[in-house]
Amino acid sequence: MYWQPEYECIGRQRLEQIQLERLQSTLNRVSRNVPFYRKKFEDLDIDPYDLGCLEDVRRLPFTTKDDLRDNYPYGLFAVPLREVVRLQATSGTTGKPIVVGYTRSDINKWSDLVARVLVAGGVTKDDVVQIAHNYGLFTGGFGFHYGAERIGASVIPSSGGNPRRQVTIMQDYKTTALVSTPSYALYLADVMDEMGVSPNALNLKYGLFGGETWSEAMRQEIQQRLNIMATDDYGISEVMGPGISGECAQRRGLHVNEDHFLVEIVDPETLAPRPLGEPGEMVITTLAKEAFPLIRYRTGDLTRLIDEPCACGRTSRRMDRVLGRSDDMLIIQGINVFPSQIEALLLDVEGVEPHYQIVVEREAALDKATVLVEAPQALFTDRIREAQQTIQALKKKLDTELGISFEVKLVEGKSLERSQGKAVRVVDKRTF
Ligand code: ZN
(Lines give C-alpha, C1' and ligand atoms only; values in the text may rest on other atoms or scores of the structure.)
Protein backbone atom coordinates (compact mmCIF):
# COMPACT_ATOMS: atom_id res chain seq x y z
CA MET A 1 0.00 0.00 0.00
CA TYR A 2 1.34 3.35 -1.08
CA TRP A 3 0.01 6.88 -1.06
CA GLN A 4 1.78 8.24 -4.14
CA PRO A 5 3.31 5.20 -5.87
CA GLU A 6 4.38 7.34 -8.82
CA TYR A 7 6.96 8.91 -6.51
CA GLU A 8 7.41 6.29 -3.80
CA CYS A 9 8.27 3.55 -6.32
CA ILE A 10 10.04 5.71 -8.90
CA GLY A 11 13.20 4.51 -10.68
CA ARG A 12 16.44 6.11 -9.51
CA GLN A 13 17.32 7.70 -12.81
CA ARG A 14 13.95 9.41 -13.10
CA LEU A 15 14.12 10.44 -9.43
CA GLU A 16 17.52 12.05 -9.88
CA GLN A 17 16.27 13.94 -12.91
CA ILE A 18 13.38 15.34 -10.83
CA GLN A 19 15.75 16.14 -7.95
CA LEU A 20 18.09 18.08 -10.24
CA GLU A 21 15.27 20.07 -11.85
CA ARG A 22 13.79 20.93 -8.46
CA LEU A 23 17.20 21.79 -7.01
CA GLN A 24 17.88 24.19 -9.88
CA SER A 25 14.55 25.92 -9.44
CA THR A 26 15.02 26.14 -5.65
CA LEU A 27 18.45 27.74 -6.11
CA ASN A 28 17.06 30.24 -8.58
CA ARG A 29 14.28 31.13 -6.19
CA VAL A 30 16.50 31.64 -3.13
CA SER A 31 19.13 33.62 -5.02
CA ARG A 32 16.39 35.92 -6.32
CA ASN A 33 14.33 36.27 -3.13
CA VAL A 34 16.54 35.60 -0.08
CA PRO A 35 19.34 38.17 0.45
CA PHE A 36 21.12 35.78 2.86
CA TYR A 37 21.59 33.16 0.15
CA ARG A 38 22.26 35.68 -2.61
CA LYS A 39 25.16 37.09 -0.59
CA LYS A 40 26.52 33.65 0.27
CA PHE A 41 26.47 32.60 -3.40
CA GLU A 42 28.19 35.85 -4.40
CA ASP A 43 30.87 35.45 -1.72
CA LEU A 44 31.61 31.93 -2.93
CA ASP A 45 31.33 32.92 -6.58
CA ILE A 46 28.55 30.42 -7.23
CA ASP A 47 26.26 30.86 -10.19
CA PRO A 48 22.97 29.19 -9.22
CA TYR A 49 22.14 28.78 -12.92
CA ASP A 50 25.27 26.73 -13.45
CA LEU A 51 24.54 23.50 -11.63
CA GLY A 52 25.06 20.54 -13.93
CA CYS A 53 24.54 17.52 -11.69
CA LEU A 54 23.37 16.58 -8.21
CA GLU A 55 26.95 16.19 -6.91
CA ASP A 56 27.40 19.92 -7.55
CA VAL A 57 25.29 20.48 -4.43
CA ARG A 58 28.57 19.97 -2.53
CA ARG A 59 29.81 23.31 -3.85
CA LEU A 60 26.97 25.10 -2.09
CA PRO A 61 27.32 26.65 1.39
CA PHE A 62 25.84 24.99 4.47
CA THR A 63 23.00 26.55 6.44
CA THR A 64 23.21 26.23 10.23
CA LYS A 65 20.76 26.61 13.06
CA ASP A 66 22.56 29.86 13.99
CA ASP A 67 21.87 31.20 10.49
CA LEU A 68 18.16 30.54 11.08
CA ARG A 69 18.26 32.27 14.47
CA ASP A 70 20.17 35.26 13.06
CA ASN A 71 17.41 35.75 10.51
CA TYR A 72 14.57 35.58 13.03
CA PRO A 73 11.70 35.79 12.30
CA TYR A 74 11.17 36.12 8.53
CA GLY A 75 14.63 36.81 7.07
CA LEU A 76 14.90 33.53 5.16
CA PHE A 77 11.41 33.48 3.69
CA ALA A 78 11.45 33.26 -0.10
CA VAL A 79 7.94 34.65 -0.60
CA PRO A 80 6.20 37.79 0.68
CA LEU A 81 4.27 37.29 3.91
CA ARG A 82 0.93 37.71 2.14
CA GLU A 83 1.55 34.38 0.38
CA VAL A 84 2.19 32.59 3.68
CA VAL A 85 -0.90 30.82 5.01
CA ARG A 86 0.65 29.18 8.10
CA LEU A 87 3.41 29.87 10.60
CA GLN A 88 4.90 27.26 12.91
CA ALA A 89 7.93 27.51 15.16
CA THR A 90 10.46 25.50 17.11
CA SER A 91 10.16 25.59 20.88
CA GLY A 92 13.15 27.86 21.35
CA THR A 93 14.14 26.36 24.69
CA THR A 94 17.73 27.32 23.92
CA GLY A 95 17.87 30.78 22.42
CA LYS A 96 15.48 32.33 19.94
CA PRO A 97 12.88 30.09 18.30
CA ILE A 98 12.92 29.47 14.56
CA VAL A 99 9.84 30.53 12.64
CA VAL A 100 8.88 28.52 9.57
CA GLY A 101 6.29 29.56 6.99
CA TYR A 102 4.18 27.59 4.53
CA THR A 103 2.37 28.71 1.37
CA ARG A 104 -0.91 27.04 0.46
CA SER A 105 1.02 24.80 -1.91
CA ASP A 106 3.53 23.92 0.86
CA ILE A 107 0.66 22.83 3.14
CA ASN A 108 -0.77 20.76 0.33
CA LYS A 109 2.53 18.96 -0.30
CA TRP A 110 3.19 18.57 3.43
CA SER A 111 -0.16 16.78 3.79
CA ASP A 112 0.76 14.33 1.03
CA LEU A 113 4.21 13.63 2.47
CA VAL A 114 2.79 12.91 5.93
CA ALA A 115 0.10 10.77 4.28
CA ARG A 116 2.90 8.69 2.72
CA VAL A 117 4.45 8.16 6.16
CA LEU A 118 1.09 7.20 7.70
CA VAL A 119 0.24 4.76 4.90
CA ALA A 120 3.71 3.18 5.14
CA GLY A 121 3.03 2.70 8.87
CA GLY A 122 -0.20 0.82 8.12
CA VAL A 123 -2.85 3.56 8.32
CA THR A 124 -5.77 3.57 5.83
CA LYS A 125 -8.97 5.62 5.47
CA ASP A 126 -10.70 3.05 7.69
CA ASP A 127 -8.50 3.88 10.68
CA VAL A 128 -9.25 6.00 13.71
CA VAL A 129 -6.09 8.02 14.31
CA GLN A 130 -5.42 9.56 17.71
CA ILE A 131 -2.82 12.31 17.45
CA ALA A 132 -1.20 12.81 20.84
CA HIS A 133 1.54 15.18 19.63
CA ASN A 134 1.16 18.73 20.86
CA TYR A 135 -0.84 21.01 18.62
CA GLY A 136 0.13 24.66 18.44
CA LEU A 137 3.35 26.13 17.09
CA PHE A 138 5.08 22.72 17.23
CA THR A 139 4.78 20.99 13.84
CA GLY A 140 3.97 17.48 15.13
CA GLY A 141 0.25 17.88 15.86
CA PHE A 142 -0.86 19.82 12.78
CA GLY A 143 1.51 17.95 10.45
CA PHE A 144 0.05 14.55 11.27
CA HIS A 145 -3.46 15.98 11.48
CA TYR A 146 -3.45 17.20 7.89
CA GLY A 147 -1.78 14.00 6.65
CA ALA A 148 -4.35 11.74 8.34
CA GLU A 149 -7.24 13.85 7.02
CA ARG A 150 -5.71 13.70 3.55
CA ILE A 151 -5.94 9.90 3.69
CA GLY A 152 -9.54 10.12 4.86
CA ALA A 153 -8.93 8.51 8.25
CA SER A 154 -11.04 9.58 11.24
CA VAL A 155 -8.79 11.98 13.14
CA ILE A 156 -8.91 12.55 16.91
CA PRO A 157 -6.84 15.65 17.71
CA SER A 158 -6.34 14.65 21.34
CA SER A 159 -3.03 16.60 21.53
CA GLY A 160 -0.59 15.94 24.39
CA GLY A 161 -1.23 15.79 28.11
CA ASN A 162 -3.79 14.16 30.40
CA PRO A 163 -2.83 10.51 29.90
CA ARG A 164 -5.92 9.08 31.59
CA ARG A 165 -8.11 11.02 29.21
CA GLN A 166 -6.03 9.67 26.30
CA VAL A 167 -6.64 6.11 27.45
CA THR A 168 -10.38 6.73 27.91
CA ILE A 169 -10.55 8.21 24.40
CA MET A 170 -8.76 5.13 23.03
CA GLN A 171 -11.31 2.89 24.71
CA ASP A 172 -14.45 4.84 23.87
CA TYR A 173 -13.61 6.10 20.36
CA LYS A 174 -12.04 2.77 19.33
CA THR A 175 -8.70 4.28 18.29
CA THR A 176 -6.77 2.03 15.88
CA ALA A 177 -3.62 4.13 15.39
CA LEU A 178 -1.69 6.18 17.92
CA VAL A 179 0.64 8.99 16.85
CA SER A 180 2.99 10.33 19.54
CA THR A 181 6.54 10.31 20.81
CA PRO A 182 7.78 6.83 21.77
CA SER A 183 8.33 7.80 25.40
CA TYR A 184 4.75 9.05 25.63
CA ALA A 185 3.51 5.72 24.28
CA LEU A 186 5.37 3.89 27.05
CA TYR A 187 3.95 6.32 29.58
CA LEU A 188 0.45 5.55 28.29
CA ALA A 189 1.19 1.83 28.72
CA ASP A 190 2.03 2.51 32.41
CA VAL A 191 -1.18 4.51 32.83
CA MET A 192 -3.18 1.66 31.26
CA ASP A 193 -1.67 -0.69 33.84
CA GLU A 194 -2.68 1.70 36.62
CA MET A 195 -6.20 2.00 35.23
CA GLY A 196 -6.50 -1.76 34.79
CA VAL A 197 -7.00 -1.42 31.02
CA SER A 198 -5.64 -4.33 29.01
CA PRO A 199 -4.29 -3.46 25.53
CA ASN A 200 -6.16 -6.51 24.26
CA ALA A 201 -9.44 -4.81 25.15
CA LEU A 202 -8.50 -1.88 22.86
CA ASN A 203 -8.64 -1.65 19.06
CA LEU A 204 -5.07 -0.35 18.67
CA LYS A 205 -3.12 -1.81 15.73
CA TYR A 206 -0.50 0.76 14.77
CA GLY A 207 1.75 3.22 16.53
CA LEU A 208 3.68 5.88 14.62
CA PHE A 209 6.36 7.35 16.81
CA GLY A 210 8.90 10.12 16.34
CA GLY A 211 10.20 13.38 17.71
CA GLU A 212 13.00 11.85 19.78
CA THR A 213 15.68 9.18 19.49
CA TRP A 214 14.70 5.70 20.63
CA SER A 215 16.24 2.25 20.53
CA GLU A 216 15.23 -1.08 19.04
CA ALA A 217 14.78 -2.40 22.60
CA MET A 218 12.27 0.37 23.25
CA ARG A 219 10.39 -0.53 20.07
CA GLN A 220 10.12 -4.15 21.20
CA GLU A 221 8.80 -3.06 24.57
CA ILE A 222 6.17 -0.73 23.07
CA GLN A 223 5.05 -3.34 20.55
CA GLN A 224 4.68 -5.96 23.22
CA ARG A 225 3.01 -3.83 25.87
CA LEU A 226 0.53 -2.11 23.54
CA ASN A 227 0.15 -5.09 21.20
CA ILE A 228 0.77 -2.98 18.08
CA MET A 229 3.17 -2.55 15.18
CA ALA A 230 5.39 0.41 16.04
CA THR A 231 7.12 2.39 13.29
CA ASP A 232 9.63 5.22 13.50
CA ASP A 233 9.11 8.53 11.74
CA TYR A 234 11.41 11.53 11.37
CA GLY A 235 10.81 15.21 10.89
CA ILE A 236 12.30 18.44 12.15
CA SER A 237 10.38 21.68 12.25
CA GLU A 238 13.09 23.74 10.55
CA VAL A 239 12.88 21.56 7.44
CA MET A 240 9.10 20.99 7.43
CA GLY A 241 8.03 18.89 10.41
CA PRO A 242 6.89 15.27 10.09
CA GLY A 243 6.88 13.82 6.56
CA ILE A 244 10.62 13.80 5.86
CA SER A 245 10.87 10.04 6.33
CA GLY A 246 9.10 7.10 7.95
CA GLU A 247 9.31 3.34 8.26
CA CYS A 248 7.24 0.77 6.40
CA ALA A 249 6.06 -2.51 7.95
CA GLN A 250 9.55 -4.01 7.40
CA ARG A 251 10.82 -1.69 10.15
CA ARG A 252 14.35 -1.59 8.79
CA GLY A 253 15.03 2.08 8.35
CA LEU A 254 12.98 5.12 7.38
CA HIS A 255 12.06 5.72 3.72
CA VAL A 256 13.15 9.24 2.83
CA ASN A 257 10.82 11.30 0.62
CA GLU A 258 13.70 11.94 -1.76
CA ASP A 259 11.68 13.76 -4.38
CA HIS A 260 11.29 16.55 -1.79
CA PHE A 261 14.50 16.30 0.23
CA LEU A 262 18.04 15.88 -1.02
CA VAL A 263 19.91 14.16 1.78
CA GLU A 264 23.69 14.12 2.24
CA ILE A 265 25.69 12.53 5.04
CA VAL A 266 28.83 14.45 6.05
CA ASP A 267 31.57 14.10 8.61
CA PRO A 268 30.43 16.39 11.45
CA GLU A 269 34.03 17.52 12.08
CA THR A 270 35.45 18.07 8.60
CA LEU A 271 32.09 18.43 6.75
CA ALA A 272 33.49 16.19 4.00
CA PRO A 273 30.98 13.84 2.35
CA ARG A 274 30.82 10.35 3.88
CA PRO A 275 30.71 7.27 1.62
CA LEU A 276 27.17 5.96 1.03
CA GLY A 277 26.17 3.77 3.97
CA GLU A 278 28.62 5.30 6.45
CA PRO A 279 27.27 7.22 9.46
CA GLY A 280 27.59 10.97 9.83
CA GLU A 281 25.58 14.15 10.16
CA MET A 282 22.51 14.44 7.97
CA VAL A 283 22.34 17.52 5.74
CA ILE A 284 19.06 18.31 3.98
CA THR A 285 18.28 20.52 0.99
CA THR A 286 14.58 21.09 0.41
CA LEU A 287 13.58 20.61 -3.22
CA ALA A 288 10.00 21.82 -3.44
CA LYS A 289 9.32 24.20 -0.59
CA GLU A 290 8.17 27.68 -1.56
CA ALA A 291 8.02 29.77 1.60
CA PHE A 292 11.00 28.49 3.56
CA PRO A 293 13.50 26.64 1.37
CA LEU A 294 16.74 25.50 2.96
CA ILE A 295 20.05 24.83 1.26
CA ARG A 296 22.28 22.16 2.85
CA TYR A 297 20.80 22.53 6.29
CA ARG A 298 22.94 20.86 8.98
CA THR A 299 20.38 18.94 11.03
CA GLY A 300 22.84 17.92 13.75
CA ASP A 301 21.25 14.45 13.60
CA LEU A 302 23.51 11.48 13.04
CA THR A 303 22.40 8.63 10.85
CA ARG A 304 23.44 6.69 7.76
CA LEU A 305 21.72 6.00 4.44
CA ILE A 306 20.63 2.50 3.47
CA ASP A 307 20.78 1.95 -0.28
CA GLU A 308 19.33 -1.55 -0.55
CA PRO A 309 15.99 -2.61 -2.05
CA CYS A 310 13.16 -2.86 0.48
CA ALA A 311 10.64 -5.71 0.41
CA CYS A 312 7.77 -3.17 0.54
CA GLY A 313 8.50 -2.04 -3.03
CA ARG A 314 9.39 1.56 -2.22
CA THR A 315 12.53 2.51 -4.10
CA SER A 316 13.70 5.37 -1.91
CA ARG A 317 16.86 5.25 0.14
CA ARG A 318 16.21 4.75 3.80
CA MET A 319 17.85 6.47 6.74
CA ASP A 320 18.78 4.53 9.83
CA ARG A 321 17.19 5.48 13.12
CA VAL A 322 18.83 8.65 14.42
CA LEU A 323 21.92 7.53 16.34
CA GLY A 324 22.40 10.76 18.26
CA ARG A 325 23.24 14.43 17.85
CA SER A 326 26.53 15.66 16.43
CA ASP A 327 26.90 17.90 19.50
CA ASP A 328 27.04 14.67 21.56
CA MET A 329 30.00 13.29 19.65
CA LEU A 330 33.09 12.47 21.69
CA ILE A 331 36.60 12.08 20.38
CA ILE A 332 38.43 9.58 22.54
CA GLN A 333 41.94 8.43 21.67
CA GLY A 334 41.41 10.08 18.29
CA ILE A 335 38.30 8.06 17.48
CA ASN A 336 34.83 9.53 16.94
CA VAL A 337 32.27 7.86 19.16
CA PHE A 338 28.74 8.54 20.33
CA PRO A 339 27.33 7.67 23.74
CA SER A 340 24.51 5.81 21.96
CA GLN A 341 27.05 3.43 20.35
CA ILE A 342 28.54 2.65 23.74
CA GLU A 343 25.05 2.17 25.20
CA ALA A 344 24.08 -0.32 22.49
CA LEU A 345 27.21 -2.41 23.23
CA LEU A 346 26.60 -2.33 26.99
CA LEU A 347 23.02 -3.53 26.55
CA ASP A 348 24.37 -6.53 24.60
CA VAL A 349 26.20 -7.85 27.64
CA GLU A 350 24.19 -9.80 30.13
CA GLY A 351 24.11 -8.82 33.79
CA VAL A 352 24.43 -5.05 33.48
CA GLU A 353 21.74 -2.42 33.93
CA PRO A 354 21.00 0.22 31.25
CA HIS A 355 22.51 2.94 33.47
CA TYR A 356 26.03 4.01 32.71
CA GLN A 357 28.37 6.96 32.69
CA ILE A 358 31.37 7.63 30.49
CA VAL A 359 34.22 9.49 32.20
CA VAL A 360 37.00 10.87 30.03
CA GLU A 361 40.23 12.23 31.55
CA ARG A 362 43.67 13.08 30.27
CA GLU A 363 46.76 11.49 31.79
CA ALA A 364 50.16 12.49 30.43
CA ALA A 365 48.59 13.76 27.17
CA LEU A 366 46.70 10.50 26.68
CA ASP A 367 42.96 10.05 26.89
CA LYS A 368 41.83 7.74 29.63
CA ALA A 369 38.23 6.62 29.29
CA THR A 370 36.24 4.80 31.92
CA VAL A 371 32.76 3.37 31.68
CA LEU A 372 30.86 3.10 34.95
CA VAL A 373 27.99 0.64 34.69
CA GLU A 374 25.38 -0.18 37.27
CA ALA A 375 25.12 -3.86 38.13
CA PRO A 376 22.89 -5.89 40.48
CA GLN A 377 23.87 -5.92 44.16
CA ALA A 378 24.56 -9.66 44.18
CA LEU A 379 27.56 -9.20 41.89
CA PHE A 380 29.38 -7.22 44.60
CA THR A 381 28.88 -9.69 47.42
CA ASP A 382 28.70 -13.35 46.51
CA ARG A 383 29.39 -13.41 42.75
CA ILE A 384 32.78 -11.66 42.56
CA ARG A 385 34.05 -14.00 39.85
CA GLU A 386 31.06 -13.33 37.69
CA ALA A 387 31.65 -9.60 38.15
CA GLN A 388 35.24 -10.01 36.89
CA GLN A 389 33.98 -11.91 33.84
CA THR A 390 31.40 -9.23 33.09
CA ILE A 391 34.10 -6.53 33.24
CA GLN A 392 36.37 -8.48 30.90
CA ALA A 393 33.50 -9.12 28.46
CA LEU A 394 32.60 -5.41 28.40
CA LYS A 395 36.21 -4.29 27.89
CA LYS A 396 36.70 -6.71 25.05
CA LYS A 397 33.48 -5.71 23.35
CA LEU A 398 34.22 -1.98 23.53
CA ASP A 399 37.76 -2.55 22.29
CA THR A 400 36.87 -4.75 19.31
CA GLU A 401 33.80 -2.82 18.20
CA LEU A 402 34.98 0.75 18.75
CA GLY A 403 38.77 0.47 18.79
CA ILE A 404 38.97 2.33 22.08
CA SER A 405 40.40 0.81 25.25
CA PHE A 406 38.11 1.60 28.16
CA GLU A 407 38.46 0.94 31.83
CA VAL A 408 35.24 -0.65 33.04
CA LYS A 409 33.93 -0.36 36.58
CA LEU A 410 30.76 -1.91 37.94
CA VAL A 411 28.92 0.26 40.43
CA GLU A 412 25.91 -0.42 42.61
CA GLY A 413 22.41 0.17 41.32
CA LYS A 414 21.14 3.80 41.45
CA SER A 415 24.59 5.11 42.41
CA LEU A 416 25.15 7.09 39.20
CA GLU A 417 24.20 10.72 39.19
CA ARG A 418 20.77 11.59 37.76
CA SER A 419 19.94 15.17 36.94
CA GLN A 420 16.25 16.12 37.02
CA GLY A 421 15.34 12.51 36.37
CA LYS A 422 17.65 12.37 33.35
CA ALA A 423 20.91 10.49 33.43
CA VAL A 424 24.26 12.23 33.03
CA ARG A 425 25.92 10.06 30.39
CA VAL A 426 29.20 11.83 29.82
CA VAL A 427 31.64 13.47 32.21
CA ASP A 428 34.49 15.00 30.22
CA LYS A 429 37.26 16.17 32.55
CA ARG A 430 39.75 16.97 29.81
CA THR A 431 40.86 20.54 29.28
CA PHE A 432 41.62 21.33 25.67
ZN1 ZN B 1 10.03 -0.43 2.90
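A residue counts as buried when its relative accessible area is under 20%; this cut-off applies to the close-up views below, which are taken from a predicted model.

**View A. Zinc site and its protein donors.** Four protein atoms serve as donors of the zinc ion: SG of Cys-248, NE2 of His-255, SG of Cys-310 and SG of Cys-312. These donors lie 2.1 to 2.3 Å from the metal. The angles among the 4 donor atoms are 101 to 115°, and the site is tetrahedral. For four tetrahedral donors, the ideal angle at a metal is 109.5 degrees. Along the chain, the donors of the zinc ion follow the spacing C-x6-H-x54-C-x1-C.

**View B. Cys-248 and Cys-312 in their loops.** Cys-248 is placed in the loop between strand E8 (241-247) and strand E9 (254-256), and Cys-312 in the loop between strand E13 (305-306) and strand E14 (318-319), so the pair ties together parts that are 64 residues apart in sequence. Cys-312 has a relative accessible area of 17% and is therefore buried. Cys-248 is likewise buried, because its relative accessibility is 1%.

**View C. Strand E10 and its side chains.** Strand E10 spans residues 261-266 and is mostly covered, with 6 of its 6 residues buried. Phe-261, Val-263 and Ile-265 point one way from the strand, whereas Leu-262, Glu-264 and Val-266 point the other way. Residues of both sets, Glu-264 among them, are buried.

**View D. Pairing of strands E10 and E11.** Strand E11 (residues 280-286) runs antiparallel to E10, and 6 bridges join the two. Glu-264 of E10 has Val-283 as its bridge partner in E11.

How values were computed. Residues numbered from 1 in each chain as written. Predicted model: local features only at pLDDT ≥ 70, side-chain atom pairs only at ≥ 80, totals over all residues. Heavy atoms only, no water. Buried < 20%, exposed > 50% of the residue type's maximum accessible area, 1.4 Å probe, protein only. Helix = DSSP H or I, 4+ residues; strand = E, 2+ residues; numbered from the N terminus. Pairing = 2+ DSSP bridges. Donors = N, O, S within 2.8 Å, 3.2 Å for Na, K, Ca; no water. Tetrahedral: all angles 85-135°; square planar, octahedral: opposite > 155°, others 65-115°.
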